[in-house]
Amino acid sequence: MTDAQVFVSHAAEDLELAQELFGTVRNLPMDFYLAMEEIESGRTRTDLKGRLANSDLVIALFTRDHVTEPWVNQEVGFAVAKGVPVLPMYDEGVDRPGYIANVEGVQLDRDEIPVTVFNLLCRLRAELAPLGTLSTPNWYVRFPCNFEGCNHPVILDIDATQKGLWQQYKHNQPLLATCDECNSRYLFNPVTLGYVERQDPAGPATQ
């Protein structure tokens, strides 16, 4: 279990993209805060300073249309001032501004979102010690079994390296997790860690 906190800085117009990129990543045992999801009614992004200061990593999303977004650039500057590492994500051809101009990041591929998510996971595994390095990962996804109200906790252990996960993806080999109570099997995409389907103890798979 980890208490790592990741703050995702993005333009308001890019919230939907951020949610798509982090939809499956948020199943990992850490806290992800997307900026525009954290703003309560009547408050502004200046109220997110606490989230930023207490983060273990800030991910800054720079899209082609919003690379000069003031809030993202201010939040990056604040993170740098507080000594919080910043990981940029950016569209091809976008110049990363200011403090992170030369920081290695993750390039967005709008046509291959799963590949972008995979590359994001690679960087997260490298950045967020002690979650595990590329050679010694120890990630997992925990969820309740939903077969006929079983609700027994199921854990998907992610014990392969990123290279190994990519090979499973290329060979169409999903990640597997089994409920110890009812023996239902759950299949996950090894690249995105996204849920694929449930295989019941007896009967057809349920998507």
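This section describes the fold, the sheet, the nonpolar cores and selected loop residues of a predicted model.

The protein contains five helices and eleven strands. Its radius of gyration is 18 Å, close to the 17 Å given by the globule rule for 207 residues, so the protein is as compact as a globular protein of that length. The C-alpha trace spans about 55 × 40 × 30 Å along the principal axes. Of the 207 residues, 46% are buried. The accessible surface of the protein comes to about 10,800 Å², and carbon and sulfur atoms supply 45% of this area. Among contacts with a separation of 6 or more, 54% join residues 24 or more positions apart.

Five of the strands form an open sheet with parallel pairing, in the order β2-β1-β3-β4-β5. Its edges are β2 (31-34) and β5 (106-108), each of which pairs on one side only. From one strand to the next, the twist averages 20°. Helix α4 (residues 113-127) packs on this sheet and touches β2, β3, β4 (86-91) and β5. The direction of α4 makes about 165° with that of β5. Within the sheet, strand β1 (residues 5-9) is paired in the parallel sense with strand β3 (residues 57-62) over four bridges. V8 has I59 in β3 as its bridge partner.

I59 appears again in the nonpolar interior. Nonpolar side chains tend to be buried together in soluble globular proteins. In this model the largest nonpolar core has 45 residues, and F22, V25, L28, I59, M89 and L124 are those with the most contacts inside it. Helix α4 supplies the largest share of this core, seven residues. A second, separate core consists of 17 residues, including F62, A79, Y90 and V94.

Two residues illustrate how the largest core is joined across the sequence. L124 is located in helix α4 and is buried, with a relative accessible area of 0%. Beyond residues up to four places away in sequence, L124 touches V25, F32, L57, I59 and W139. L124 and I59 are 65 residues apart along the chain, yet their C-alpha atoms are separated by 9.9 Å. With neighbours within four places in sequence left aside, the contacts of L28 are L121, W139, Y140, V141, I158 and L193. W139 is thus listed among the contacts of L124 and also among those of L28.

Outside the parallel sheet order, strand β8 (residues 175-178) pairs with strand β9 (residues 185-188) in the antiparallel sense over four bridges. The bridge partner of L176 in β9 is L187. In a regular strand, side chains alternate between the two faces of the sheet. In β8, L175 and A177 form a covered face, whereas L176 and T178 form an uncovered one. The two strands make a hairpin with six residues between them. Within the turn, N183 has a positive phi of about 70°.

The loop between β8 and β9 also holds S184. S184 has 0% relative accessibility and counts as buried. With residues up to four places away in sequence not counted, S184 touches C145, F147, A177, T178, C179, R198, Q199, D200 and P201. A177, from the covered face of β8, is therefore one of the residues that S184 touches, as is T178 from the uncovered face.

Positive phi values also occur at two asparagines in other loops. N151 lies in the loop between β6 (139-144) and β7 (153-158), and its phi is near 65°. N151 is exposed, with a relative accessible area of 53%, against a cut-off of over 50% for exposed residues. N172 is found in the loop between α5 (162-170) and β8. The phi of N172 is near 55°, and this residue is exposed at a relative accessible area of 69%.

Methods:
Residues numbered from 1 in each chain as written. Predicted model: local features only at pLDDT ≥ 70, side-chain atom pairs only at ≥ 80, totals over all residues. Heavy atoms only, no water. Pairing = 2+ DSSP bridges. Axes fitted to C-alpha atoms, helices over the stretch in contact; angles between N-to-C directions. Contact = heavy atoms within 4.5 Å. Rg over C-alpha atoms; globule rule 2.2 N^0.38 Å. Buried < 20%, exposed > 50% of the residue type's maximum accessible area, 1.4 Å probe, protein only. Areas by Shrake-Rupley, 256 points an atom, 1.4 Å probe, with all protein chains shown as cover. Core = buried A, V, L, I, M, F, W, Y, C linked by side-chain atoms within 4.5 Å.
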